[in-house]
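Visitor: Hi, I have a few minutes and a new model to look at. Could you walk me through it?
Guide: Happy to, let's put it on the screen.

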Amino acid sequence: MNMPDTKEPIHLAKLLAPYKGKWVTMTKDEKRVLGFGNTIDEALRAAEEKGELMPFLIKVPDESTSALLY
């Protein structure tokens, strides 16, 4: 997987805050949410409906889980 070509870090915390505990699909540059769901299939289907067949996929941690995204 290629990392985004940028010198500035991408701050996902604000972007992903509304999706705690959900699976989220994002654009490959990780700047925009394409879809989300309780399952991987739901999130991938939402991205596919927007024309993205190979999105960035992530499980957003909830309050009881911590994660480091880099």
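**A walk through the model**

Guide: Among contacts in the protein chain between residues at least 6 apart in sequence, 40% join residues at least 24 apart. Keep in mind that this is a predicted model.

Visitor: Okay, what is the average pLDDT of the chain?
Guide: The protein chain averages a pLDDT of 85, and 77% of the residues score at least 70. Among the elements, S1 has the highest mean pLDDT at 97, and H1 the lowest at 88.

Visitor: And how should I treat low values?
Guide: Where pLDDT is low, the predicted coordinates should not be read in detail.

Visitor: Fair. How many helices and strands are there?
Guide: Two helices and three strands. Starting at the N terminus, the elements run α-β-β-α-β.

Visitor: What order do the strands take in the sheet?
Guide: The order is S2-S1-S3, in an open sheet of three strands with antiparallel pairing. S2 (33-37) and S3 (56-59) stand at the edges with a single partner strand each, so one side of each has no neighbour in the sheet. On average, neighbouring strands are turned by 20° against each other, direction ignored.

Visitor: Tell me about S1 and S2. How many bridges join them?
Guide: Four bridges join S1 (residues 23-26) to S2, and the two run antiparallel. Trp-23 has Gly-37 as its bridge partner in S2, and Thr-25 stands opposite Gly-35 in S2.

Visitor: What links the two strands?
Guide: S1 and S2 form a hairpin with six residues between them. Glu-30 is found in that loop.

Visitor: What is the phi of Glu-30?
Guide: Glu-30 has a positive phi of about 60°, although it is not a glycine. For context, most residues other than glycine have a negative phi.

Visitor: Is Glu-30 buried or exposed?
Guide: Glu-30 counts as buried, at 11% relative accessibility.

Visitor: Back to S2 for a second. How many of its five residues are buried?
Guide: Four of the five are buried, so S2 is largely enclosed by the rest of the structure. Across the protein chain, buried residues make up 27% of the 70 residues.

Visitor: Which strands does helix H2 lie across?
Guide: H2 (residues 40-49) lies across S1, S2 and S3, and runs at about 150° to S2. Arg-45 is found in H2, and its C-alpha is 8.0 Å from that of Gly-35, with the two 10 residues apart in sequence.

Visitor: How accessible is Arg-45?
Guide: Arg-45 is partly exposed, with a relative accessible area of 45%.

Visitor: And what about the loop between S2 and H2?
Guide: Thr-39 is found there. Thr-39 is partly exposed, with a relative accessible area of 36%. Its C-alpha is separated by 6.1 Å from that of Trp-23, 16 residues away along the chain.

Visitor: New topic. Which residues make up the largest nonpolar core?
Guide: There are nine: Leu-12, Leu-16, Tyr-19, Val-24, Met-26, Val-33, Phe-56, Ile-58 and Val-60. The elements that give two or more residues to this core are helix H1 (12-16), S1 and S3.

Visitor: Nice. Any aromatic pairs worth a look?
Guide: The structure holds one aromatic pair. The rings of Tyr-19 and Phe-36 have their centres 5.0 Å apart and their planes at 50°, so the pair is tilted.

Visitor: Why does it count as tilted?
Guide: Planes under 30 degrees apart count as stacked and those over 60 as edge-to-face, with the rest being tilted. The planes here are at 50°, so the pair falls in that last group.

Visitor: Where do Tyr-19 and Phe-36 lie?
Guide: Tyr-19 lies in the loop between H1 and S1, and Phe-36 in strand S2, so the pair ties together parts that are 17 residues apart in sequence.

Visitor: And are they buried or exposed?
Guide: Tyr-19 counts as buried, at 17% relative accessibility, whereas Phe-36 counts as partly exposed, at 44%. Tyr-19 is also one of the residues in the nonpolar core we just went through.

Visitor: Great, thanks for the tour!
Guide: Any time!

Conventions:
Residues are numbered from 1 along each chain as its sequence is written. This is a predicted model: local features need pLDDT of at least 70, side-chain atom pairs count only at pLDDT 80 or more; totals for chains, interfaces and linings use all residues. Side-chain values use heavy atoms; hydrogens and water are left out. Two strands pair if DSSP finds at least two bridges between them. Axes are lines fitted to C-alpha atoms, for helices over the stretch in contact, and angles run from 0 to 180 degrees between N-to-C directions. Contact means heavy atoms within 4.5 Å. A nonpolar core is a set of buried Ala, Val, Leu, Ile, Met, Phe, Trp, Tyr and Cys residues joined through side-chain atoms within 4.5 Å. Buried means under 20% relative accessible area, exposed over 50%, partly exposed in between (1.4 Å probe, protein chains only). Rings of Phe, Tyr and Trp (its six-membered ring) pair if their centres lie within 6.5 Å; planes under 30 degrees apart count as stacked, over 60 as edge-to-face and the rest as tilted. pLDDT is the predictor's confidence in each residue, from 0 to 100.
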